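Please take a moment with the sequence and the model below before reading on. The paragraphs after it are meant to be followed with the structure in view.

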Amino acid sequence: MAGNGTVKVKIDKVEKIYSGRNGDMVALNGVSLDIMENEFVCVVGPSGCGKSTLLNIIAGLLEPTSGAVYVDGKEVHGPGPERGVVFQQYALFPWLTVLKNVQFGLKLKGMGEAESREIAMKYLKMVDLEQFADSYPKELSGGMKQRCAIAQAFSIDPPILLMDEPFGALDAVTRARLQDLIRELWAQEEKKKTVFFVTHDVDEALLLANRILVLGQSPSHIIYDVTIPEEQHPTRDTLFENMEMMKLRMTLINQINKDVTTHI
């Protein structure tokens, strides 16, 4: 199921220009895009094509030079509780325990100690960290820190989840485990979140997304957009056995490589 026909995030002619000593650099060139409710969208493209810039504008952490982003019809003017963010670097408070880190956002929403603890422990159990609830981030491995960040993001129950290469710094085994975890968490939720996931890994996009965008570069714009019906969605075991997915994989790689070659 790609989406339910309701536009959750509207990106309307978003342009981002950075000014420097060597002149202006156009990072995003009038990007327009509708992201539907419940979609799991992966954005792929070469380094420097503006993927993270676009995510940060949706998150409200950056302002566009022109154009606008709308969530549920309301223009974005900064961060909001309806948008959870998971970065590549673990955004955990080092002075708080794992449990307290997950409780933090819940308490900001006005939740009491007992209720926030119950919800935090529920999500720590889902990411297999309940036995580390009283540990501090410095005592965790990189993969464990990222699992804690995922529990933190899901626990506050934002309808939109923005993920910026969250598994990019992890080893292959841990990365695969967390890919499966995030897809499982998304799929099992009664009301699925709308996910916008930035990656440079085509295989990761195929495993996770039901819609994949390729962002071109210099300046950044969408050059390819494909939806994968849920009944055709590959698993880790079937990805390289599915001829349709292999054709799509080569199409995505060719789109990226063609764009890179054009701008060398």
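What follows goes from the sheet to the cysteines and then to the pockets of this predicted model.

A good place to begin is the open sheet, in which six strands lie in the order E6-E7-E8-E3-E9-E10 with mixed pairing. Strand E6 (83-86) and strand E10 (221-227) stand at its edges, and because each has a single partner strand, one side of each is left without a neighbour in the sheet. Neighbouring strands of this sheet are turned by 15 degrees against each other on average, with direction ignored. Within the sheet, strand E3 (residues 40-44) runs parallel to strand E8 (residues 194-198), the two being paired over four bridges, and Val41 is found opposite Phe196 of E8.

Cys42 is buried, with a relative accessible area of 0%, and Cys148 is likewise buried, its relative accessible area being 0%. The closest cysteine sulfur to that of Cys42 belongs to Cys49 and is 13 Å away, which is too far for a bond. With a cut-off of 2.5 Å between the sulfur atoms, the count of disulfides comes to zero.

The largest pocket holds about 590 Å³ of space, and of the 24 residues that line this pocket, Arg83, Gly84, Val85, Gln152 and Ile156 are the closest to its centre. Its lining draws at least two residues from each of E6, helix H2 (98-108) and helix H4 (142-155), and divides into 15 nonpolar, seven polar and two charged residues.

The second largest pocket has about 180 Å³ of space. Strand E4 (residues 66-71) gives the most to its lining, with three residues, and the lining as a whole comprises six nonpolar, four polar and two charged residues, among them Ile57, Glu63 and His77.

Conventions. Residues are numbered from 1 along each chain as its sequence is written. This is a predicted model: local features need pLDDT of at least 70, side-chain atom pairs count only at pLDDT 80 or more; totals for chains, interfaces and linings use all residues. Side-chain values use heavy atoms; hydrogens and water are left out. Two strands pair if DSSP finds at least two bridges between them. Axes are lines fitted to C-alpha atoms, for helices over the stretch in contact, and angles run from 0 to 180 degrees between N-to-C directions. Buried means under 20% relative accessible area, exposed over 50%, partly exposed in between (1.4 Å probe, protein chains only). On a 1 Å grid over the protein atoms alone, a cavity is a set of points where a 1.4 Å probe fits but cannot get out, and a pocket is an open set with protein on both sides within 12 Å along at least five of seven lines; lining residues have an atom within 4 Å of a point. Grid points are joined across faces, edges and corners, and a volume is the space filled by probe spheres set on the points. Ala, Val, Leu, Ile, Met, Phe, Trp, Tyr, Cys and Pro count as nonpolar, Asp, Glu, Lys and Arg as charged, and the others, Gly among them, as polar.
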